[in-house]
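Hello,

Here is the structure I said I would pass on. My notes on it follow below.

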Amino acid sequence: MKISEIRGKNFSQLMTSQKLKEIFPTILKWIVICVLTGIFSGSASAFFLVSLEFVTQFRIHNHWIIWFLPIGGLLIGLMYYYWGESVVKGNNLLLEEYEKPKKVIPFKMAPLVLFGTLVTHLFGGSAGREGTAVQMGGAIADQFTRIFKLDNSERKILIILGISAGFASVFGTPLAGAIFALEVLYFSKINFKSLILSFLVAYIAYFTVEFWKVKHTHYSIPVVPEFNFNNLFYSIIIGLLAGFAAFLFARSTHFWSSLFSKNIKYPPLRPFIGGIFLAIAIAGLGFTKFSGLGVPSIVDSFSNANPWYDFLLKILFTGFTLGAGFKGGEVTPLFFVGATLGSALSVILPMPIALLAGMGFVAVFSGATHTPIACTVMGIELFGLQPGLFIALACLIAYFSSGSVGIYKSQIVRGAKYKLYQKFTKKELEHL
């Protein structure tokens, strides 16, 4: 630019124009990454949801297939032992790579967890779907590290984008998905760019699933009472019990995983032997209600009171399934635990059953993942704004009352819960 041209322009305008020219390639790069991550992750989730519904319906109409659960477990065990040792940690690998980036997550994580989860659900294992979608999203997103030659700090953003896209697309909750990706990483070194990109990729992934015309389960809380002192007290009770259920769920999963690892040295045999016990219990003793996702039971809990022990049995079956080495997520089983717990409490607490089920639905999830903000937002996205105050209170109480260990071993616990724990125990949190 000539001196005469500079004199005719405002200096701040020149600086702004120059800065925009410098950052435009970076902005364009991240927009492209978000679009591609959102589309690929959303499409992967759409395929997964359709496939999951197919294998679930096949199992429901052919209960005999549950007897083959040990064979399915052996197949999963062999597959991960010989081809998937580098990605067997699943969600924990994403958290570890975010905390201490070492190497790009192998893309094979996506097809392996997809196949493993479908096999688990086909033969009747008790598992969820969030882990699968998040791992697929993380594996897809991290491939852009090589393509765009990103450094470790930029890789952290990719992992956030993968978690956000996977969560938002599999549950149909883009706001919660974006916040969950940030909150589960304890908001460490989260900058404004990460925040914006997390929301952008979440919505792209969400609308990608919508484009493929894949539907999500809808829930409803038709009656919301006045928020008075009595209902405040009942909400605190729900939160405390949800926190306890989250504590049991996390400890159960870790207990069974440790038990299988210590006593069965050859990894492929763990899901095989675990599958034998599960097949006997589910098919032989008639506990089919606790196989798979359990979505019909979750929906039913919003209108009919469940037996008080249903949530305990779901904790047992899911902890055993995942601890033995089967694949899938924990979140939908957490929804099952929370919704059936809230539903059962409707017998003794004078609050609408749908509200109690909805509060338990998200509160147990909050306690088990240490993500009260994302869970509150998810509750509002799923149930509407009207029960938001009840949901927020239950999620917050469950968060504080669920203990220091969540479902993700590699998750770092920080914030208010960490400070409270330190105050009462005078020691550092243990990340088991």
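**Helix pairs**

Helix α11 (residues 229-263) and α16 have axes that come within 8 Å and cross at roughly 45°. Helices here are DSSP runs of H or I with at least four residues, numbered from the N terminus. Axes are lines fitted to C-alpha atoms over the stretch in contact, and angles run from 0 to 180 degrees between N-to-C directions. The two helices α11 and α16 are therefore oblique to each other. For the angle classes, under 35 degrees is roughly parallel, over 145 roughly antiparallel, 65 to 115 roughly perpendicular, and the rest oblique. The crossing of α11 past α16 is right-handed. Right-handed means that the near helix is turned clockwise from the far one by less than a right angle; anticlockwise would be left-handed.

Before going on, note that this is a predicted model: local features need pLDDT of at least 70, side-chain atom pairs count only at pLDDT 80 or more, and totals for chains, interfaces and linings use all residues. Residues are numbered from 1 along each chain as its sequence is written, and side-chain values use heavy atoms, with hydrogens and water left out.

Which residues bring α11 and α16 together? From α11 they are Ser235, Ile238, Ala242, Ala245 and Ala246. They meet Leu356, Met359, Gly360, Ala363, Val364, Gly367 and Ala368 in α16. Contact means heavy atoms within 4.5 Å.

The second pair is helix α3 (residues 69-83) and helix α12 (residues 269-284). Their axes come within 7 Å and cross at roughly 160°. That makes α3 roughly antiparallel to α12. The contact uses Leu69, Pro70, Ile71, Gly73, Leu74 and Gly77 of α3. On the α12 side it uses Pro271, Phe272, Gly275, Ile276, Leu278 and Ala279. The crossing of α3 and α12 is right-handed.

**Helices α17 and α18**

Helix α17 covers residues 372-383. At 1.5 Å a residue, its 12 residues should span 16 Å, and its end C-alpha atoms are 16 Å apart, which agrees. The expected span is 1.5 Å times one less than the number of residues. Most of α17 is covered: 9 of its 12 residues are buried. Buried means under 20% relative accessible area, exposed over 50%, and partly exposed in between (1.4 Å probe, protein chains only).

The buried set in α17 is Pro372, Ala374, Cys375, Thr376, Val377, Met378, Gly379, Leu382 and Phe383. What do these residues pack against? Their partners are α8 (152-171), α9 (174-183), α15 (331-345), α16 (353-369) and α18 (388-401).

Helix α18 also fits its expected span. Its 14 residues should cover 20 Å, and its end C-alpha atoms are 20 Å apart. Buried residues of α18 are Gly388, Phe390, Ile391, Leu393, Ala394, Cys395, Ile397, Ala398 and Tyr399.

**Cysteines**

How many disulfides does a search of the whole structure find? The count is 0. A disulfide here is a pair of cysteine sulfur atoms within 2.5 Å. For Cys395, the closest cysteine sulfur is in Cys375, at 5.3 Å, too far for a bond. Cys395 is buried, with a relative accessible area of 0%. Cys34 is buried as well, with a relative accessible area of 0%.

**Backbone phi**

Most residues other than glycine have a negative phi. Lys149 is not a glycine, but its phi is positive, about 55°. Lys149 sits in the loop between α7 (144-147) and α8. Is Lys149 buried or exposed? At 71% relative accessibility, it counts as exposed.

His370 has a positive phi too, about 60°, and is not a glycine. Its place is the loop between α16 and α17. At 6% relative accessibility, His370 counts as buried.

Two glycines also take a positive phi. Gly384, just after α17, has about 100°. Gly403, just after α18, has about 90°.

**Two further residues**

Ser297 lies in helix α13 (residues 295-300). At 12% relative accessibility it counts as buried. Leaving out residues up to four places away in sequence, Ser297 touches Lys289 and Phe336.

Asn152 is in helix α8. At 43% relative accessibility, Asn152 counts as partly exposed. Its C-alpha atom is separated by 22 Å from that of Ile179, 27 residues apart along the chain.

Best wishes
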